[in-house]
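Here are my notes from a walk through the model, set out as short numbered points. I hope they are handy to have beside you as you look at the coordinates.

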Amino acid sequence: MEILLFSTWVLMAFLTLLSSPVAGEELFEVRMWPEWPVVKVGQALWINCSTNCTYPGKGGIETRGIKPTLLKEEAHWKVYNLSNISQNTNIFCYFKCSDIQKKKSVSVIVYRPPEQVTLSLQPAWVSVGENFTLTCHVPNVIPLENLTLTLLQGTKRLHHQNFLTVSKGLEDAWLTVNITARREDSKSNFSCHAELDLKPHSELLFSASSEPKMLKIFEPPWNNQMTIVIIITILLLLVFVISVFLCFAYGQHWRQHRTGGYGVLAAWRNYRIRCS
């Protein structure tokens, strides 16, 4: 009987401890929304900081380099506005509950899409077998680690590049590739495609392409020299053939002219003989 009474007392004491404000409030949580905040560089962001504490004490948010503005609040939540965000930052939300303070943090991802993509082709005229350079440039983009640049020849992908550098602010992205010119590359259109994929932070996807650049191929100098040699050879052969033909024709004419002179002389001699 004493054992039963002791067990009952222990169980009641445990339930009382669980139901006490101190024990219950130790399990409170702090939440923030959005959990994956993404904002375009220079724009503003709304942050909701809340708790499930029954009787919360002091609460708010902490940031570095950004001054939050409290827009609205009630006992269990507060809404803040953070304006002109220019770089990635962390925001902390805190609440006190029965003299216990807890924090929750989120990482704000700042982005700027690839609004301008330029491609340069040097040189624009090249011989077969020589190298030409393609340079793609995307200015003022963030986050660089979420950017992909792709060089295209028509619809064919030539080169694909990701960036491993973690951005701390706006940066320029560059991609340079050297390619050996082929005869079939003549009058090909080359372009650069930029893509900013904000996953896993957001489903936002931005893309832009450069204006196409055309490559012109001309034959190497030795091919031109061979063409010139062939043309000169043909002309010399033609001159030779014409010369032979003219010599033959002139010879025949000269022979006919000579035979004709002898005939007149012979007729004159016969005439003189008859007369005498």
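The points below cover the two nonpolar cores, some of the strands and the largest pocket.

1. A word on the source: please keep in mind that this is a predicted model.

2. Let's begin with the largest nonpolar core, which holds 28 residues. Phe132, Leu134, Cys136, Leu147, Leu149, Leu151 and Ala173 are the members that touch the most others. Six strands each bring at least two residues to this core: β9 (118-122), β11 (131-141), β12 (147-153), β14 (171-180), β15 (188-197) and β17 (213-218). Of these, β11 gives the largest share, with 5 residues.

3. Leu149 is a good residue to centre your view on. What does leucine 149 contact once its neighbours within four places in sequence are left aside? The list runs through Cys136 and Val138, then His159, His160, Gln161 and Phe163, on to Ala173, Trp174 and Leu175, and finally Cys192, His193 and Ala194.

4. Another core lies apart from the largest one. This second set has 20 residues, including Phe28, Ile47, Ile85 and Ile91.

5. Strand β9 deserves a moment of its own. In a regular strand, side chains alternate between the two faces of the sheet. Along β9, Leu119 and Leu121 point to one face and are buried, whereas Thr118, Ser120 and Gln122 point to the other face and are not buried. The strand runs antiparallel to β11, and 5 bridges join the two. Within that pairing, threonine 118 has histidine 137 of β11 as its bridge partner.

6. Turning to an open sheet: four strands follow the order β1-β3-β6-β5, and their pairing is antiparallel. Which strands form the edges? They are β1 (30-33) and β5 (69-74), each of which pairs on one side only. From one strand to the next, the twist averages 20 degrees.

7. At the β5 side of that sheet, 5 bridges connect β5 with β6 (residues 77-82), and these two strands run antiparallel. If you would like a residue pair to look at here, glutamate 73 stands opposite lysine 78, which belongs to β6.

8. Last comes the largest pocket, with a volume of about 200 Å³. Its lining is made up of 13 residues, and those closest to the centre are Arg64, Ile66, Gln87, Asn88 and Thr89. Two elements, β7 (89-97) and β8 (100-111), give two or more residues to the lining.

Conventions
Residues numbered from 1 in each chain as written. Predicted model: local features only at pLDDT ≥ 70, side-chain atom pairs only at ≥ 80, totals over all residues. Heavy atoms only, no water. Core = buried A, V, L, I, M, F, W, Y, C linked by side-chain atoms within 4.5 Å. Buried < 20%, exposed > 50% of the residue type's maximum accessible area, 1.4 Å probe, protein only. Contact = heavy atoms within 4.5 Å. Pairing = 2+ DSSP bridges. Axes fitted to C-alpha atoms, helices over the stretch in contact; angles between N-to-C directions. 1 Å grid on protein atoms, 1.4 Å probe; cavity = no way out; pocket = protein on both sides within 12 Å on 5 of 7 lines; lining within 4 Å. Points joined across faces, edges and corners; volume = space filled by probe spheres on them.
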